[in-house]
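I opened the model and kept notes on what I looked up. The entries follow in the order I made them.

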Amino acid sequence: MPIEFSLTKKQLEMREGIRGLAKNVIRPQALSWDRAGGIPEEFLRNMARLATSMGSNAMRSGVGDETEEEKKEAETKRGPSGSNLFGVLASEELAWGDGSLLLGLPGPGLGGPPVRSSGTAEQKKRFFGVFQDLDDSPLKWGAYGLTEPNAGSDVSGIRTSCRKDGRHWVLNGRKCYITNGARASWTVIFATIDPALGRAGHRAFVVEKGTPGFSVGRIEEKMGLRASETAELVLEDCRVSEDNLLGGEEKYVSKEGFMTAMKTFDNTRPLVAAMACGIGRGAYEYACDFARHNYMLARPVPRYAAIIERLAKVGRSLEASRSLVWRAAWMADNGLSNAKEASMSKAMAGQAAIKACIEAIEICGAEGSIARDHQLLEKWFRDIKVYDIFEGTGAIQRIVISKRLISDLKSF
Ligand SMILES: Cc1cc2nc3c(=O)[nH]c(=O)nc-3n(C[C@H](O)[C@H](O)[C@H](O)COP(=O)(O)OP(=O)(O)OC[C@H]3O[C@@H](n4cnc5c(N)ncnc54)[C@H](O)[C@@H]3O)c2cc1C
């Protein structure tokens, strides 16, 4: 298989377009959105329109979620679609502008991949149909509800229960930290028929806003990504039609409910890693500029050399992270199994970007910790940590990688 690192003309043009938008339109507003704790709907609508006009759902988080059949059909027509690569390129640029914006764009969001990969044709039509008309008011979001108060990293331990009752399922439990959870038109909710069955007992449902027994609990006050909505969802004797069981009954003869959750991560972890690269790159560029203006001609000379060395280390880690991100996305675009590479990209990019933000603050000295003059540095420092938490913490990525490495060794 040839190795190719250059981007196509179309990809370069798209990246330049989003880069300009991020620089001229998004970043100048990022601090005011952070303070307000939200992004104006009209701005989100315009961004969603723009994504549609670019012929991509990449900016609306539907990236990389084509079905296998759709991928094959696209490939026979015109080679690999490149939608995952397109998605990571767009994500890095948008996150460079503002991390919260990307999470808040209208569309199916993290709910998209499980519906795409596991939904029936009728379910896809029904649930994606909600997002068709952008001029329709109000805006629409989808969400993904897996995490619970006692089941975050260990998703096999979810306790939200589901019980069949005639042509309905009855759901009871709580989901927490759900991105766009309060405003979503529907949320993919993971539940279990019996916790003792572990992963084999999992079922995934699309629960629509307004379903009796489905309500919003707390909206979180977060340290970072403050303009993105994170909500608790409550299910109390919530009756969901059997037509909303994702993929229908036959999907769950083995562990497919759990696999649905995991497959989602293979597509979304490189995206989150790309976002981390975007924020890390922003901090790195800021620190490079600061060093050039404040230290290059100043004394003592060795200080400048030491700072350049630190910046070089940050730059290397960010480049290495981006390479892992691109590889994971490229593998997905070419139909290759990428669970290990997706985890590698996220484990590396999360840490590299956190280091970039810390180094940027330190390199700017006392100035770096003063919010007045360096508010973006302060905001990035608050925003970045979560990229090493959601979609699986850094520790969990390292466990996934080790397990895969060991099984690869066994088959060597
Ligand atoms: C802003 C934000 C948005 C989110 N959006 C969503 C969403 O849309 N949908 C959704 O379902 N969830 C979402 N989450 C939840 C997120 O996925 C979880 O927070 C994450 O999986 C970690 O789970 P936890 O918080 O319960 O931490 P825990 O699992 O309790 O982990 C706590 C610590 O223990 C470590 N740890 C856990 N297990 C092990 C182990 N076996 N070995 C070594 N160390 C371990 C972890 O690395 C971590 O450091 C979001 C979270 C945030 C903060």
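**Ser 100 and the loop it touches**

I started at Ser 100, which is found in helix 5, residues 99-104. This is a predicted model, and I read each entry below with that in mind. Is Ser 100 buried or exposed? I found a relative accessibility of 2% for Ser 100, which counts as buried because the cut-off for buried is under 20%. Leaving out residues up to four places away in sequence, I listed the contacts of Ser 100 as Ile 39, Leu 225, Arg 226, Ala 227 and Ser 228.

I followed that list to Leu 225, which sits in the loop between strand 6 (214-219) and strand 7 (230-241). Leu 225 is buried too, at 3% relative accessibility. I then checked the backbone of Leu 225 and found phi near 45 degrees, a positive value in a residue other than glycine. I noted why this deserved an entry: most residues other than glycine have a negative phi.

**Glu 391**

I looked up another positive phi, at Glu 391, where the angle is near 60 degrees. Glu 391 lies in the loop between helix 11 (375-384) and helix 12. Its relative accessibility is 9%, so I entered Glu 391 as buried.

**Two arginines**

I took Arg 322 next and placed it in helix 9, which runs over residues 301-333. With a relative accessible area of 16%, Arg 322 is buried, because the limit is under 20%. Apart from residues up to four places away in sequence, Arg 322 touches Glu 92, Cys 277 and Arg 281.

Arg 126 belongs to helix 7, residues 121-129. I found a relative accessible area of 29% for Arg 126, so this residue is partly exposed. Which residues does Arg 126 touch, not counting those up to four places away in sequence? I listed Glu 208, Asp 243 and Asn 244. I also recorded a polar contact of 2.7 Å between the side chains of Arg 126 and Glu 122.

**Ligand site**

I moved to the ligand and found 20 residues surrounding it. The closest are Tyr 144, Thr 147, Ser 153, Tyr 177 and Thr 393. I then went through the polar distances. A ligand nitrogen is 2.7 Å from a polar backbone atom of Tyr 144, and a ligand nitrogen is 2.8 Å from a polar backbone atom of Tyr 177. At Thr 393 the partner is in the side chain: an N or O atom there is 2.6 Å from an oxygen atom of the ligand. Taken alone, the ligand exposes 970 Å², and I noted that the protein buries 63% of that.

Where does the shell come from? I found that strand 1 (142-145), strand 3 (168-179) and helix 12 (394-410) each supply at least two of its residues. By domain, the shell draws at least three residues from each of domain 2 (142-254) and domain 3 (257-410). I sorted the shell residues into 11 nonpolar, 7 polar and 2 charged.

**Whole chain**

I closed with chain totals. The protein chain has 12 helices and 7 strands, and 53% of its 412 residues are buried. Of the contacts between residues at least 6 apart in sequence, 77% join residues at least 24 apart. The accessible surface of the chain comes to about 18800 Å², and I noted that 56% of this belongs to carbon and sulfur atoms.

Terms used. Residues numbered from 1 in each chain as written. Predicted model: local features only at pLDDT ≥ 70, side-chain atom pairs only at ≥ 80, totals over all residues. Heavy atoms only, no water. Near = heavy atom within 4 Å. Polar contact = N/O pair within 3.5 Å; in protein donor to acceptor, adjacent residues only side chain to side chain. Areas by Shrake-Rupley, 256 points an atom, 1.4 Å probe, with all protein chains shown as cover. Helix = DSSP H or I, 4+ residues; strand = E, 2+ residues; numbered from the N terminus. Nonpolar A, V, L, I, M, F, W, Y, C, P; charged D, E, K, R; others polar. Domains from an automatic or database assignment. Buried < 20%, exposed > 50% of the residue type's maximum accessible area, 1.4 Å probe, protein only. Contact = heavy atoms within 4.5 Å.
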